[in-house]
Structure formats: structure tokens, C-alpha cells
Amino acid sequence: ALGLGMNSSVYSLTVDTAGNIYAGGFFTSAGSSDAHYIAKWDGTNWSALGLGVNSAVHGLTEDISGNLYAAGVFTVAGGVPANYIAKWDGTNWSSLTSGINNPGNGLTIDTSSNIYAGGNFTTAGGLSVNYIAKWNGSAWSSLSSGMNSTLYWGEGISNVLQVN
């Protein structure tokens, strides 16, 4: 067991380069810490990531600079408006421009540190993207004409992007 665990469901896990485990889901406490939908396990204890987010986290990934990205059904991260996707830099939460227009279900990263999001959204940063989009660290772009329906993590977003 990782400490006392969470008080509700975990939907996504990722590990950073230091071996810390990040969990996202529908929980509001991790171990003995108040952790709103996202938390970090350092090998001994769970801790909150600032104020957390205001609703469930469905997807997590980390870039080569150590920034953590979260996607889900939240619209606020650390008190900052963040439409369904946000970045944690180890200290603060920030939005990815105007975000996406509906929940994100999964995240992955390629070897160039581009972040790919899949979910129930049709726009990212105001662009038409149809359920899948790429974040290059400063701007969103579409992947051709996108998908024809909601992309769920279980449908293999990370496997699809392995060829990239």
C-alpha cells in the first residue's frame, strides 16, 4: 500500500524522473493530506499539488522539463481558470491558453516533449481539433481532421502516438 491511499477513485498515474508517483482521479484526500483530485507520492508520503483542481483528473503526463500536465473535467487549477487541462511546474498551476472546450480523457507525450490530449472536446485554444490535439509548449494544433468521436484513454491514445 502507498500510505493510507485515497478516499475515492484513481483514474490516472504517472511517474516523474525522480521516481515520484502522481495520481489523478475523483479523490479529495490522499493519505492524511487534503489533495483535491491530484496528489504526489514521494516514496513515503502523499502531498497535495498546491490547491489542486476543482473536479476529477482523467489523464496525466510529464514533459522533459519536469512539468506535470493534467486533463479532466476541472475548470480551475490552483485557483487559476484552466479549461479541462493545466500544467503544474512544481510550484504553481497554469492554463494552456484557453484550454479545451470539454473534458480531456487522456494525455501522452512524444520524444520532442509535445503533449497530446484526447477526449470529448472539439476545440483547443480556439482551434477546431475534433477530439485530439497537440500542445507544443506554447500553442495548440490539430492532428489532421482529428477523430470522428470522443477519444477515451482505454482506446489507446498512447499506443497510437508511439509511432510518432
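Which residue stands opposite Tyr 69 in E11? Lys 87 does. Before selecting that pair, set the ground rules.

**Ground rules**

This is a predicted model, where local features need pLDDT of at least 70, side-chain atom pairs count only at pLDDT 80 or more, and totals for chains, interfaces and linings use all residues. Residues are numbered from 1 along each chain as its sequence is written, and side-chain values use heavy atoms, with hydrogens and water left out.

Colour by pLDDT, the predictor's confidence in each residue, from 0 to 100. The protein averages 91, and 93% of the residues score at least 70. Now select residues 155-164. Here the pLDDT is below 50. Beyond near neighbours in sequence, this stretch has 15 contacts in the model (contact: heavy atoms within 4.5 Å). Where pLDDT is low, the predicted coordinates should not be read in detail.

Element labels are DSSP runs numbered from the N terminus: helices (H or I) take at least four residues, strands (E) at least two. Two strands pair if DSSP finds at least two bridges between them.

**Stop 1: E8 and its partners**

Select strand E8, residues 68-72. Five of its five residues are buried (buried: under 20% relative accessible area; exposed: over 50%; partly exposed: in between; 1.4 Å probe, protein chains only). Show the side chains. Leu 68, Ala 70 and Gly 72 point one way from E8. Tyr 69 and Ala 71 point the other way.

Add strand E7, residues 57-62. E7 and E8 run antiparallel, joined by five bridges. Look across from Tyr 69 of E8 and you find Thr 61. The E7-E8 hairpin has five residues between the strands. Within this hairpin, Gly 66 takes a positive phi near 90°.

Next, add strand E11, residues 85-88. E8 and E11 pair in the antiparallel sense over four bridges. Here is the opening pair: Tyr 69 opposite Lys 87.

**Stop 2: the loop before E11**

Step back to Tyr 84. This residue lies in the loop between strand E10 (80-81) and E11. Its phi is near 70°, a positive value in a residue other than glycine. Is Tyr 84 buried or exposed? Tyr 84 counts as buried because its relative accessibility is 17%.

**Stop 3: Thr 97**

Select Thr 97, in the loop between strand E12 (93-95) and strand E13 (104-109). Phi of Thr 97 is near 50°, again positive in a residue other than glycine. Thr 97 is partly exposed, with a relative accessible area of 46%.

**Stop 4: the four-stranded sheet**

Which order do the strands of the open sheet follow? The order is E1-E2-E5-E6, with antiparallel pairing. Its edge strands are E1 (10-15) and E6 (46-48), each pairing on one side only. Neighbouring strands of this sheet are turned by 25° against each other on average, direction ignored (axes are lines fitted to C-alpha atoms, for helices over the stretch in contact; angles run from 0 to 180 degrees between N-to-C directions).

Select strand E2, residues 21-25, together with E5. They pair in the antiparallel sense over four bridges. Tyr 22 has Lys 40 of E5 as its bridge partner.

Move on to strand E5 (38-41) and E6, which pair in the antiparallel sense over three bridges. Trp 41 stands opposite Trp 46 in E6. The E5-E6 hairpin leaves four residues between the strands, and Gly 43 in the turn has a positive phi of about 100°.

**Stop 5: Ala 23**

Stay in E2 and pick Ala 23. Ala 23 is buried, at 1% relative accessible area. Display its contacts, leaving aside neighbours within four places in sequence. Among them are Met 6, Val 10, Ser 12 and Leu 13. Tyr 37, Ile 38, Ala 39, Trp 46 and Leu 60 are also in contact with Ala 23. Now draw a distance to Asn 101, 78 residues apart from Ala 23 along the chain. The two C-alpha atoms are separated by 23 Å.

**Stop 6: E14, E17 and E18**

Select strands E14 (115-119) and E17 (132-135). Four bridges join them, and they run antiparallel. Tyr 116 stands opposite Lys 134 in E17.

On to strand E18, residues 140-142. Three bridges join E17 to E18, also antiparallel. What is the bridge partner of Ala 133 in E18? Ser 142 is.

Finish at the turn of the E17-E18 hairpin, which has four residues between its strands. Gly 137 in this turn has a positive phi of about 105°.
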